[in-house]
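Biologist: Please take me through one part of this model in detail: the sheet and what packs on it. Go piece by piece, and keep it brisk.

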Amino acid sequence: MIVKDARFEITAVSPAQYPQSNLPEIAFVGRSNVGKSSIINSLLNRKKLARISGTPGKTREINFYNVNEKLFFVDLPGYGYASVSKQKKSSWGNIIETYLLTRHQLKVIILLVDVRHEPSADDKQMYDWLVANNVPHMVVATKIDKITRSAVNPRLSDIRKALNAAEGIKVFPYSSETRQGREALWEAIDEYVEEE
Ligand SMILES: Nc1nc2c(ncn2[C@@H]2O[C@H](COP(=O)(O)OP(=O)(O)OP(=O)(O)O)[C@@H](O)[C@H]2O)c(=O)[nH]1
Ligand SMILES: [Mg+2]
């Protein structure tokens, strides 16, 4: 997709606050600090559209971004940030789960993991939940600029194994810093959007 126009649409917590629209949605989920807001900015060619916080665990709401009046990118709250209370953790979990289970125009969810680390228990739980609930998904390994080129492929296959990803599920390498992987990921996203 050629991004002609991208703008912030709305912040929401409950379904009543989601955009009243039938446009297809692509949602980004993952641990706090993994790079969800950064990848949205990078895919949309915008430096500061999605807010990147220095303090992880800040984004507690769902942020919707309108792309070309054709689709929404959905920035979900980050999970797994240690210093957050149990009560808050479960309310964020509910925010994510409610969105994923109720939003009919959700086309695909993109699970982000840090290429440098083994997927966490939270990542695995998220992944298993997506599979169990039949939510179409793909996996992106972020921050590949932080490791050497030759280390990338072995890390991708480790991540696949750790998540126990099914054969058809690709793990896309990505860097929001250098924009490596941008074309390939857009192509994959386009397939979900153009299915209509
Ligand atoms: N080197 C490098 N840094 C990245 C990349 N992606 C994100 N970062 C950095 O990682 C930090 C967190 O990025 P965010 O995009 O705010 O992460 P997030 O997943 O939106 O975090 P929450 O909103 O707290 O859930 C920031 O300092 C980013 O600059 C990347 O591909 N390469
Ligand atoms: Mg964020």
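## The sheet and its cover

Modeller: Helix 3 lies across strand 2 (25–30), strand 5 and strand 6. The direction of helix 3 makes about 160° with strand 5. Helix 4 also packs on the sheet, where it touches strand 5, strand 6 and strand 7. The angle between helix 4 and strand 7 is about 150°. Keep in mind that this is a predicted model.

First, the setting. The protein chain has 196 residues, and 47% of them count as buried. Its secondary structure comes to five helices and seven strands. Along the sequence the pattern reads β-β-α-β-β-α-β-α-β-α-β-α. Long-range contacts weigh heavily here: among contacts between residues at least 6 apart in sequence, 75% join residues at least 24 apart.

Now the sheet itself. It is open, has seven strands and mixes its pairing. The strand order is 1-3-4-2-5-6-7. Strand 1 and strand 7 stand at the edges with a single partner strand each, so one side of each has no neighbour in the sheet. From one strand to the next, the twist averages 25°.

Start at the edge formed by strand 1. Strand 1 covers residues 6–12, and I10 lies in it. I10 has 32% relative accessibility, which is why it counts as partly exposed. Beyond its neighbours within four places in sequence, I10 is in contact with Q17, P19, I62, N63 and F64. Take I62 from that list: I10 and I62 are 52 residues apart along the chain, yet their C-alpha atoms are separated by 8.3 Å.

Next come strand 3 (residues 62–67) and strand 4 (residues 71–75). They pair in the antiparallel sense, over five bridges. Within that pairing N66 stands opposite F72, and V67 has L71 as its bridge partner. The two strands form a hairpin with three residues between them. In that hairpin N68 takes a positive phi near 55°.

How enclosed is strand 4? Five of its five residues are buried, so the rest of the structure largely encloses strand 4. Both of its faces are covered. L71, F73 and D75 are buried on one side, F72 and V74 on the other.

Strand 4 also has a parallel partner. Strand 2 and strand 4 share four bridges and run in the parallel sense. One pair here is E25 with F72. F72 therefore turns up twice in the pairing, since N66 of the hairpin stands opposite F72 too.

Move on to strand 5. Eight of its nine residues are buried, so strand 5 is largely enclosed by the rest of the structure. Strand 2 runs parallel to strand 5, and six bridges join the two. A27 has I109 of strand 5 as its bridge partner. Strand 5 then pairs with strand 6, again in parallel and over six bridges. There I109 has H137 of strand 6 as its bridge partner. The connection from strand 5 to strand 6 goes through helix 3, and this β-α-β crossover is right-handed.

Now helix 4 (residues 149–163). At 1.5 Å a residue, its 15 residues should span 21 Å. The end C-alpha atoms are 22 Å apart, which agrees. Which residues of helix 4 are buried? They are V152, R155, L156, I159, A162 and L163. These residues cover an arc of only 130° around the axis, which puts them on the same side of helix 4. The face turned away from that buried side carries the exposed residues S150, N153 and K161.

What covers the buried residues of helix 4? The cover includes strand 5 (106–114), helix 3 (121–132), strand 6 (137–142) and strand 7 (171–173). Three of these, strand 5, strand 6 and strand 7, are the strands that helix 4 touches on the sheet. Just after helix 4, N164 takes a positive phi of about 60°.

To recap. Strand 4 is buried on both faces. Strand 5 pairs in parallel with strand 2 and with strand 6. Helix 3 lies across strand 2, strand 5 and strand 6, while helix 4 touches strand 5, strand 6 and strand 7.

Notes: Residues numbered from 1 in each chain as written. Chains lettered and ligands numbered in written order. Predicted model: local features only at pLDDT ≥ 70, side-chain atom pairs only at ≥ 80, totals over all residues. Heavy atoms only, no water. Buried < 20%, exposed > 50% of the residue type's maximum accessible area, 1.4 Å probe, protein only. Contact = heavy atoms within 4.5 Å. Expected span 1.5 Å × (residues − 1). Arc of directions from axis to C-beta. Pairing = 2+ DSSP bridges. Axes fitted to C-alpha atoms, helices over the stretch in contact; angles between N-to-C directions. Right-handed = clockwise from strand over helix to strand, strands pointing away.
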